[in-house]
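Visitor: I have a protein model to look at today. Could you take me through it?
Guide: Certainly; please have it open before you.

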Amino acid sequence: MQTIDNFNFAGKKAIVRVDFNVPLDENGHITDDTRIRGALPTLKKILADGGSVIIMSHMGKPKKNPDMKYSLGQIVDAVSEKLGVKVQFAPDCMKADEAAAALKPGEVLMLENLRFYAEEEGKPRGEFATEEEKKAAKAAMKEPQKEFAKHLASYADCYVNDAFGTAHRKHASTALIADYFDADHKMLGYLMEKEVKAVDNVLSNIKRPFTAIMGGSKVSTKIGIIENLMDKVDNLILCGGMTYTFAKAQGGKIGSSICEDDKLDLALDIIAQAKAKGVNLVLGVDCVAGDAFSNEANTQIVPANNIPDGWEGMDAGPKTRELFANAIKGSKTILWNGPAGVFEFDNFTGGSRAIAEAIAEATKDGAFSLIGGGDSVACINKFGMADQVSYISTGGGALLEAIEGKVLPGIAAIKGE
Ligand code: AMP
């Protein structure tokens, strides 16, 4: 397999798939630039060799073309500043032929959001009366999607995939495009290489105890990884909104807390699986409940299984924080995905902060700690603790799928698998 270190980009045009799906505030300002910073080493290496760069990415989930709320034009200045090169912008990713052809060594062109075109994902837009119609529309997109990938490929001499965040998707720019370059002219970027190594570190070199902390809003979106981790970890901490599905499943009273009523059996099954496999499953015992889903809500500490009507669990309580911290400290491998509370509200960050602090302490004592998923990364950054953990992944879904042991299409396409 070709590697970025071995490839000399002098005089070459490289089309680089990055993940610049950065969070923006209502004024279009970047609130967390981790993903942009993550791609810089790859972009800089190409430019330093004397190559030129065509940057391509998606942002958000646009439903039409164009959908300016998701325009990458909003971040061109920030990318220019971080890269130290004035980045040109192509306002339509399918009409960049001339701009790409005119690129000189050292120059950078960024394409508008790839997902303005439905072909990027290969997912048809609009409403369909039946499943059959939807299937037929999807099948009809296969060829246009290949054409879309081929057109992108035509801009460049070589392809670099540095978008770990979307590596679990078989999209035009993350996988299909690789078909239009021979094995010597396609490679993973530095960020991808680092991410793959970090996952490898967790999977092939597990030092015990291994503690996984899964949080976030729902159990349904994390069930695959939770079941998979059950065979690997010593301690499994489940926190955040899913706490209340577990509490209700066990007969608890959860007020108006977030809950997936159709997942109660699943929650009981997870508890049973943990018992059968000897995994120490740690669930919240108390919580900070609020009387509204707001930072200004009145709060009280209550048992996680006895929340008064009209109140909802918004964060882990003090006893829970201690339980979590005790499980984390002393661990030698740690994986954290998903906050322990509604961390976007400053008054409900305490549980996530307790987790971050315990991870930092364990890391100082020699643990390998891997944090992934937009929200947990935003947490760590909010607490200013990014330098106190071993590795921060730019991937959420991709990281979890990689840890589940799945082959990511974005990586398979480069390896030619
Ligand atoms: P996810 O996208 O599933 O990883 O979930 C992340 C989201 O979960 C964040 O936006 C949190 O605000 C949210 N979250 C965490 N704890 C709770 C809770 N107790 N109630 C509601 N939402 C929560």
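Guide: What follows goes from the whole chain to the ligand and then to single residues. This is a predicted model: local features need pLDDT of at least 70, side-chain atom pairs count only at pLDDT 80 or more, and totals for chains, interfaces and linings use all residues. Residues are numbered from 1 along each chain as its sequence is written, and side-chain values use heavy atoms, with hydrogens and water left out.

Visitor: How many helices and strands are there in the chain?
Guide: The chain has 15 helices and 17 strands. These are DSSP runs numbered from the N terminus, a helix being H or I with at least four residues and a strand being E with at least two.

Visitor: What radius of gyration does the chain have?
Guide: The chain has 23 Å, which agrees with the value near 22 Å for a compact globule of 417 residues. The radius is taken over C-alpha atoms, and the globule rule is 2.2 Å times the number of residues to the power 0.38.

Visitor: And what share of the residues is buried?
Guide: Buried residues make up 55% of the 417. Buried means under 20% relative accessible area, exposed over 50%, and partly exposed in between (1.4 Å probe, protein chains only).

Visitor: Now the ligand. Which residues come nearest?
Guide: Of the 14 residues around the ligand, the nearest are Ser217, Lys222, Gly313, Glu344 and Asp375. A residue is near a molecule or strand if one of its heavy atoms lies within 4 Å of it.

Visitor: Which polar atoms face the ligand's oxygen and nitrogen atoms?
Guide: A polar side-chain atom of glutamate 344 is 2.4 Å from a ligand oxygen. A polar backbone atom of serine 217 lies 3.0 Å from an oxygen of the ligand, and one of glycine 241 lies 3.3 Å from a ligand nitrogen. Of the 510 Å² that the ligand exposes when taken alone, the protein buries 81%. Accessible areas come from the Shrake-Rupley method with a 1.4 Å probe; for residues, only the protein chains shown count as cover.

Visitor: Changing topic: is helix α9 covered or uncovered?
Guide: Helix α9, residues 242-249, is mostly covered, with seven of its eight residues buried. Among them are Met242, Tyr244 and Phe246. After α9 comes glycine 251, whose phi is positive, near 95°.

Visitor: Where is asparagine 235, and is it buried or exposed?
Guide: Asparagine 235 is in strand β8, residues 235-238. Asparagine 235 counts as buried because its relative accessibility is 11%. Its side chain is joined to that of asparagine 280 by a polar contact of 2.9 Å. A polar contact is a pair of N or O atoms within 3.5 Å; within protein, one must be able to donate a hydrogen and the other to accept it, and residues adjacent in sequence count only if both atoms are side-chain atoms.

Visitor: What about glycine 51: where is it placed?
Guide: Glycine 51 is in the loop between α1 (34-49) and β2 (52-56). Glycine 51 is buried, with a relative accessible area of 0%. Its C-alpha atom is 5.9 Å from that of glycine 106, which is 55 residues apart from it along the chain.

Visitor: Last one: which peptide bonds are cis?
Guide: One of them runs from asparagine 65 to proline 66, with omega near -10°. Proline 66 is in the loop between β2 and α2 (76-83). Another cis bond joins arginine 208 and proline 209, with omega about 5°. Most peptide bonds are trans.
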